[in-house]
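Reader: I should like to look closely at one part of this structure and to understand how its details fit together. Would you please take me through such a part step by step?

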Amino acid sequence: MAAAAAGLNWRRVSSFTGPVPRSRHGHRAVAIRELVIIFGGGNEGIADELHVYNTVTNQWFLPAVRGDIPPGCAAHGFVCDGTRILVFGGMVEYGRYSNDLYELQASRWLWKKVKPQAPSTGSPPCPRLGHSFSLYGNKCYLFGGLANESEDSNNNVPRYLNDFYELELQHGSGVVGWSIPVTKGVLPSPRESHTAIVYCRKDIGSPKMYIFGGMCGCRLNDLWELDIQTMTWSRPETKGTVPLPRSLHTANVIGNKMYIFGGWVPQSTGGEISTHDGEWKCTGSFCYLNLDTTEWIGLISDCQEDKSNSLPGPRAGHCAVAVGTRLYIWSGRDGYRKAWNNQVCCKDLWYLDTEKPPAPSQVQLIRATTNSFQVKWDEVPTVEGYLLQLHADSPVPSAAGIHAAGVPETSVLSSQGGSSLHQSPQSLPNILYPEVKVDHPSPTNNVIPNNVQVSLSSNSLKVEEKVAAPENKITQEMMKKHADATGFKESNAPSLLPVCTSSPQTSANVGELHDLDKRTVNPEASVSSIVSSTQSMVTQQAVKTESSSTNGAVVKDETSLTTFNSKSEAAENDCTMPSTRVNTGQTNDSHSSKPPQRQMAPVKTRDRQWYDVGIFKNNSAVVSQFYLLPEETMTVSNKMESANVPDYRLLKKQDLFPGTVYRFRVAAINGCGVGPFSKISEFKTCIPGFPGAPSTVKITKSVDCIHLSWEPPASPSGNILEYSAYLAIRSTQLQENPSQLVFMRIYCGLKTSCVVTAAQLSNAHVDYTSRPAIVFRISAKNERGYGPATQVRWLQGKISVRHS
């Protein structure tokens, strides 16, 4: 079956950074989140380096390993359990095989040689290569391989194995020992260079190990199943066309499919498959076994020739690893060709998205102005871009109703950072990108230019802790000071926004907090510092805060005040904070205030139409315009998830209007297309004239009180008449609904600082939605009223780094 017919869209990765490992075969790879870790193999000698490839940053690096560093090996066992990796056996030099076991704690890049106990009956595994080593739960399963019967390593006398061992692991680090399970049924025949995977059906829940193919003097294509619970071997009946006999292939489980790629297969001549004494060749064939139905599905046939270089070439002894639902393939030997008595090995890295990406999180508001939103959403792993859409509560004019000569330029569609990581003319087929003018500073435009087709990814690994922000209630005393701020719309659920952490005793302020939320890949950094979801360590002695701003306020009824999420002006580019359930409202933007082009009447729900904002490389955007659909398509219903994105160059654009509610949704894009859309979020553009949020909030601790200080808003929109500071307090309402904070005003005046007494703090509520914290809010008032409030979370207790 042709790759195109099968819907495959292989991508070759280019433009690496960092020390790229030399090509090889017989190596092994595992994935720890977005990191691909490769060890061993060889071509000009056996490699002993540990190479790491970051699939997000497209960077290779060599970690600084220490401890009992193992010798180089090939055709070894290599499994990953959390952030530790186990290596067993393999060839350490020609004719000399190993049965040593090593453990790598990737969180510290620390190697340790471990010595498991021998089995109570029988001998421990003999030295071998080409065996399978599979992990399930706290046990590794070793099967088969090739041993050397000769004591002289130069006199290689092969012995194919079909022995079966179980290795029990200790939690976190270390091993218990080997055992030889008593199995039922017929044991698979001896073999090496086969594959083994473990799969557990969701509906049945009984884990099964599947062994496929291998070599025992001739190549094999038999499939064996081991029920791990009953330790029973069987030969499952399969449907579909069984792949050709092969060895040195790879097998990876993604979802309910076992993907088989490459290997040595028999050379066919005139439609006849040669015997085991005949010719053999490397293949680039690709298929999968549906593990629920045991049906083989061919995707790329063994005889398919690819003239366009759009598919990985034939190879054997390569490595393949799944990162999420994406399959990566790297290197391997390419057939019989020799160069200076060494195999010619492939030097390429490929990946294939095996299914559409999942829906991202709801769109979250960072900051609103009178005519724009700064929004973000959680990253989706291994995607190439995001399609952002909106629709308005008011009718949007058709493209024919917009008076413009040609296509107006987009004013702002940018975000912080971004880079084109996987350069490929095949990226994002059927998607054309808008031409964009950026009038706010940004390191890299987040919207993809129309004349550049690239495969997209985030430019750096970002570590964030996220909390669910509650809806907030407030006392009537606070309400009186906050009347007439702006309108609001409630979203269906609390949004999630990242938390920033600072230490005010070191003069950290809100604008500096983003430095703790960004990490770049350090070649000597540990996995835990790269991939674990942790915050920076804050010392116990330091005063600890987390800060954000809420966007506007409005009196909802006689007993509560609803606030809206935004970001303090000093930290608006890199650091956000918990939003409330209501994600719309007011920030000051006196410079961007302008009258709307036309007034829009309310529209019925059934008339709503989704409009594209654009395709974005990263998980954030500044939105001030959207694309209008041609008039002839205005009656078409919402865009289907599988539909192609239109050519934005042919579409006119519409500015956002002040005081208007917009609904947002976002979908991720990968090589399989556009995935499902997120849940819908609602935000409202601001009404001009209110002050911005106070910034640079600091907390200084004294013996019997704390000092709270802040800077005036960057955009006051007139004279500041007063500030108000609030403290979240304990309340019976919190017992009924823990997610609804109740605030008490603790200061009102013109000063930009206040003292919070021990008596006031004794009544404080400790918020546990993230790490334990006391919550403050500070807002400014001008002639129009109160603007958005900056929220500060003063962290309580010892803060420790969590490892995942």
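Author: In this predicted model, cysteine 345 is buried, with a relative accessible area of 9%. The reasoning behind that word is simple: 9% counts as buried because the term applies to values under 20%. Does a cysteine such as this one take part in a disulfide, or is it in none? The count of disulfides in the model comes to zero. Cysteine 345 accordingly is in no disulfide, and the nearest cysteine sulfur, that of cysteine 346, lies 7.1 Å away. That separation does not qualify, because a disulfide requires two cysteine sulfur atoms within 2.5 Å. Cysteine 200, by contrast, is partly exposed, at 27% relative accessibility.

Burial can also be followed along a whole strand, and β47 serves well for this purpose. Strand β47 comprises residues 661-670, and 10 of its 10 residues are buried. Which residues lie on its two sides? One face carries Val661, Arg663, Arg665, Ala667 and Ile669, and the other carries Tyr662, Phe664, Val666, Ala668 and Asn670. Both faces are covered, since every residue just named is buried.

The next matter is the pairing of β47. Strand β35, residues 385-392, runs antiparallel to β47 and is joined to it by eight bridges. Within that pairing, glutamine 389 has arginine 665 of β47 as its bridge partner; arginine 665 also belongs to one of the two covered faces. Strand β49, residues 681-684, is antiparallel to β47 as well, with four bridges between them. Here phenylalanine 664 is matched with serine 681 of β49. Strand β48, residues 673-677, is a further antiparallel partner, joined to β47 through three bridges. In that case alanine 667 finds its bridge partner in phenylalanine 677 of β48. Two residues separate β47 from β48, and the two strands form a hairpin.

Another sheet shows what an edge looks like. Four strands make up an open sheet in the order β1-β32-β29-β28, paired in the antiparallel sense. The strands β1 (11-13) and β28 (319-323) stand at the edges; each has a single partner strand, so one side of each lacks a neighbour in the sheet. On average, neighbouring strands of this sheet are turned by 25° against each other, direction ignored. Within the sheet, β29 (residues 326-330) and β32 (residues 349-353) share five bridges. One of these matches isoleucine 329 with tryptophan 350 of β32.

Two backbone angles complete the account. Most residues other than glycine have a negative phi. Serine 15 has instead a positive phi, near 55°. This serine is found in the loop between β1 and β2 (25-32), and is partly exposed, with a relative accessible area of 48%. Threonine 696 likewise has a positive phi, of about 50°, although it is not a glycine. Its setting is strand β50, residues 695-701, where threonine 696 is buried at a relative accessible area of 15%.

How values were computed:
Residues are numbered from 1 along each chain as its sequence is written. This is a predicted model: local features need pLDDT of at least 70, side-chain atom pairs count only at pLDDT 80 or more; totals for chains, interfaces and linings use all residues. Side-chain values use heavy atoms; hydrogens and water are left out. Buried means under 20% relative accessible area, exposed over 50%, partly exposed in between (1.4 Å probe, protein chains only). Two strands pair if DSSP finds at least two bridges between them. Axes are lines fitted to C-alpha atoms, for helices over the stretch in contact, and angles run from 0 to 180 degrees between N-to-C directions.
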